[in-house]
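Open the model in your viewer and get ready to select residues by number. We will move from one helix pair to a single side chain.

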Amino acid sequence: DPEAPPESADVPLIVSTTLHDHATRYDNFDLDEAGLRAIFRSAWGERADAILAAYRQESPNESPFRIQAKAFTDATRGASMLQAERKARQGRAPAYMYVWDWISPMYDGRYGAVHCHDVDASFHQYRSPITGAGTAEGRVMCDRMASAYVAFAKTGDPNNPLIPQWPAYDPVRRATMVFDAKMRVVDDYRGAFTRLINPELQPR
């Protein structure tokens, strides 16, 4: 800090988050819309209503609990983006960014795509309740994630036949692989929300 460490300049890097990463921090499952608005106002003051409106426009039917988790995850996602950006600016070994969007079926999806949800998948633990308890879709997600990590460990590049082409991260495009039922690459994934909450993170 403030630059990527030179000691690991030639070591490829994967940086990751999940869509509802912060959900493990909360137990207010009965949170209602008024309570959600109060939490937003406590965190973001006069900008809270505009921030909440943006989340509701994106996900009008999502539970207040998961909107809370998504917003506070986005509020801190900038650190992961900065880590990948600094690595990429070194111009040596590549950085790859992914986000795990696949919602765990455990507890009827209450937690969403929660912190460490992707870790079970990376070890191909498809029987885990977190990764679908042996369901066909959960096993496919484990196949995809584990294959990416195996390829990365072997070659320094996570690309393999089970996922779309995954470009390295760069500070302009900010290409991010989204692990979900529909795999896809998204440029500047959730960047608009991250910068809505943290205006100081506007692209340089």
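In which hand does α2 cross α3, left or right? Select both helices and look: α2 passes α3 in a right-handed crossing (the near helix is turned clockwise from the far one by less than a right angle; anticlockwise would be left-handed). This is a predicted model, where local features need pLDDT of at least 70 and side-chain atom pairs count only at 80 or more, while totals for chains, interfaces and linings use all residues. Residues are numbered from 1 along each chain as its sequence is written, and side-chain values use heavy atoms, with hydrogens and water left out.

Now show the residues that make the contact (heavy atoms within 4.5 Å). From α2 they are L52, Y55, R56 and E58; from α3 they are P64, I67, K70, A71 and D74. By class, this contact has 5 nonpolar, no polar and 4 charged residues.

Next, select α2 alone, residues 48–58. Here A48, I51, L52, A54, Y55 and R56 are buried (under 20% relative accessible area, with a 1.4 Å probe and protein chains only). These buried residues pack against α1 (33–44), α3 (64–89) and α6 (191–197).

Jump to S122. It lies in helix α4, residues 117–122. Is S122 buried or exposed? S122 is buried, because its relative accessible area is 18%. Leaving out residues up to four places away in sequence, S122 touches M145, A146 and Y149.

Last, zoom in on the side chain of S122. It reaches the backbone oxygen of V119 at 2.7 Å.

How values were computed
Helices (H or I, at least four residues) and strands (E, at least two) are DSSP runs, numbered from the N terminus. Buried means under 20% relative accessible area, exposed over 50%, partly exposed in between (1.4 Å probe, protein chains only). A polar contact is a pair of N or O atoms within 3.5 Å; within protein, one must be able to donate a hydrogen and the other to accept it, and residues adjacent in sequence count only if both atoms are side-chain atoms. Ala, Val, Leu, Ile, Met, Phe, Trp, Tyr, Cys and Pro count as nonpolar, Asp, Glu, Lys and Arg as charged, and the others, Gly among them, as polar.
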